[in-house]
Structure formats: structure tokens, C-alpha cells
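Q: Please pick one part of this model and take me through it slowly, together with whatever surrounds it. I would like a connected account rather than a list.

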Amino acid sequence: MVVSAPDLKAFLLATPFFGGLSDSSLDLMISMLVERRFDAGATVVAEGEPGRSMFIVRSGRLAVSKRAHAGSVVPISVLQPGDFFGEMTLIEMQNRSATVVAESPTVLYELTAQNLYACYKADIHAYVIVLQNINRELCRRLRRADDRFAGHHVGEDN
């Protein structure tokens, strides 16, 4: 289902992924999004499978996990409205790094690598902003992972 909703622009501009885009650039990006719906318990993406798209969470709650070497499942994070995932496959063109399962009925907006490339061709400025936003979020996630690894609490003063 192609995306269209009166409050969609405000929602997307409030997400880290679309922040800073002009109105016309946002319209272009919206035209490239496809709405996807998942029931509770549905696997959205599975670790190790090929992936050529990313998702923005419109509604619902999703659990992100990875398989440990021993075969157990390790919870990584929980995603809620405004979060996005799958962006790593757009940048590094590798298989999915984690499994994402809908914990409740969920609505996502999907952006494919092909559509991101179309954005590059049509609006290089918007493309650069989106990539900067992706990189900024990846840096935030890396910092949080570093803090967890070092045993610090996120937001703790040193």
C-alpha cells in the first residue's frame, strides 16, 4: 500500500531519519515509501537473510534480537514509533544483522535501496541529508553499545 496520510509529514519530520528535509524533498521521500502491516508475533526480518530495504516504525512495538554462538537468542533492543531499522543493509549491502519481530500489531514504512538510489538521482541534497541522518543514528547506537560494553549506564555523568 502506498503511503498517504494528512499527518504523515509531521510524523516523519519528527523521526531521526527524515529530520532536516525540505517540504519538497520530504514529499519525494514519502512517494517512495510503502506501508507494511504485521500482526503480533510476525517476523519482519530475520538475521542472516538478504535485505535491501529499511523500515520506519509508524505504530506498534518490535523486539530486536541476535543469535548467540551457543544458539540462544539475545535481546538487543525494542523499537517503537519513530524508530527505524534495516538501514545497515542499505549502506553495507550485507545480510540482515538481527531478527526483528512484531510484539504487537505494527505498521511500518519501507524504503528500498532501489528507491534510495532514485532519491540520489532525483534530489542529491535530500539523499545527503538522509545519509547524514542514518550515520548520526548509527553513531548514537554505537555509543550506546560502547557504554553497555564498558558497563556504564547511558546518560550517566562521569
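A: Happily; what follows starts from one strand and works outwards to its sheet, its neighbours and the cores.

A word on the ground rules: this is a predicted model, in which local features need pLDDT of at least 70 and side-chain atom pairs count only at pLDDT 80 or more, while totals for chains, interfaces and linings use all residues. Numbering runs from 1 along each chain as its sequence is written, and side-chain values use heavy atoms, leaving out hydrogens and water.

The part to look at is strand β3, residues 53-59; strands here are DSSP runs of E, at least two residues long, and helices are runs of H or I of at least four, both numbered from the N terminus. Of the 7 residues of β3, 6 are buried, so the strand is largely enclosed by the rest of the structure (buried means under 20% relative accessible area, exposed over 50%, partly exposed in between, with a 1.4 Å probe and protein chains only).

Who are its partners? β3 belongs to an open sheet of 4 strands in the order β1-β8-β3-β6, with antiparallel pairing; strands pair if DSSP finds at least two bridges between them. The edges of this sheet are β1 (34-38) and β6 (84-85), each pairing on one side only. On one hand, β3 and β6 are joined in the antiparallel sense over 2 bridges, and Ile56 stands opposite Phe84 in β6. Helix α4 also packs on the sheet: it touches β3 and β8 (106-112), and its direction makes about 55 degrees with that of β8. Such contact means heavy atoms within 4.5 Å, and angles run from 0 to 180 degrees between N-to-C directions, with axes fitted as lines to C-alpha atoms, for helices over the stretch in contact. On the other hand, β3 pairs with β8 in the antiparallel sense over 6 bridges, with Ser59 facing Val107 in β8.

Now look at individual positions. Ser53 lies in β3 and counts as buried because its relative accessibility is 5%. Beyond residues up to four places away in sequence, Ser53 touches Gly86, Thr89, Leu90, Arg96, Glu110, Leu111, Thr112 and Ala113. Ile56, for its part, is touched by Thr15, which contacts Ile56 and Gly82 once neighbours within four places in sequence are set aside. Thr15 sits in the loop between α1 and α2 and, with a relative accessible area of 3%, is buried.

Ile56 also leads us into the interior. The largest nonpolar core has 25 residues, and Leu12, Phe17, Phe18, Leu21, Ile56 and Leu111 have the most contacts inside it; a nonpolar core is a set of buried Ala, Val, Leu, Ile, Met, Phe, Trp, Tyr and Cys residues joined through side-chain atoms within 4.5 Å. Two or more residues each come from α1 (8-13), α2 (23-32), β3, β8, α4 and α5. The largest share, 5 residues, is given by α5. Leu12 touches Phe18, Leu26, Ile30, Leu33, Ile56 and Tyr109, residues up to four places away in sequence not being counted. Another core lies apart from this one, with 13 residues, among them Val45, Val57, Leu62 and Val100.

Finally, follow α4 away from the sheet. Helix α4 (residues 113-122) and α5 pack at an angle of about 130 degrees, with their axes 5 Å apart. That makes α4 oblique to α5 (under 35 degrees is roughly parallel, over 145 roughly antiparallel, 65 to 115 roughly perpendicular, and the rest oblique). Leu116, Cys119, Tyr120 and Ala122 in α4 meet Ile124, Ala126, Tyr127 and Val130 in α5. This contact holds 8 nonpolar, no polar and no charged residues; Ala, Val, Leu, Ile, Met, Phe, Trp, Tyr, Cys and Pro count as nonpolar, Asp, Glu, Lys and Arg as charged, and the others, Gly among them, as polar. Ile124, found in α5 (residues 124-150), is partly exposed, with a relative accessible area of 46%.
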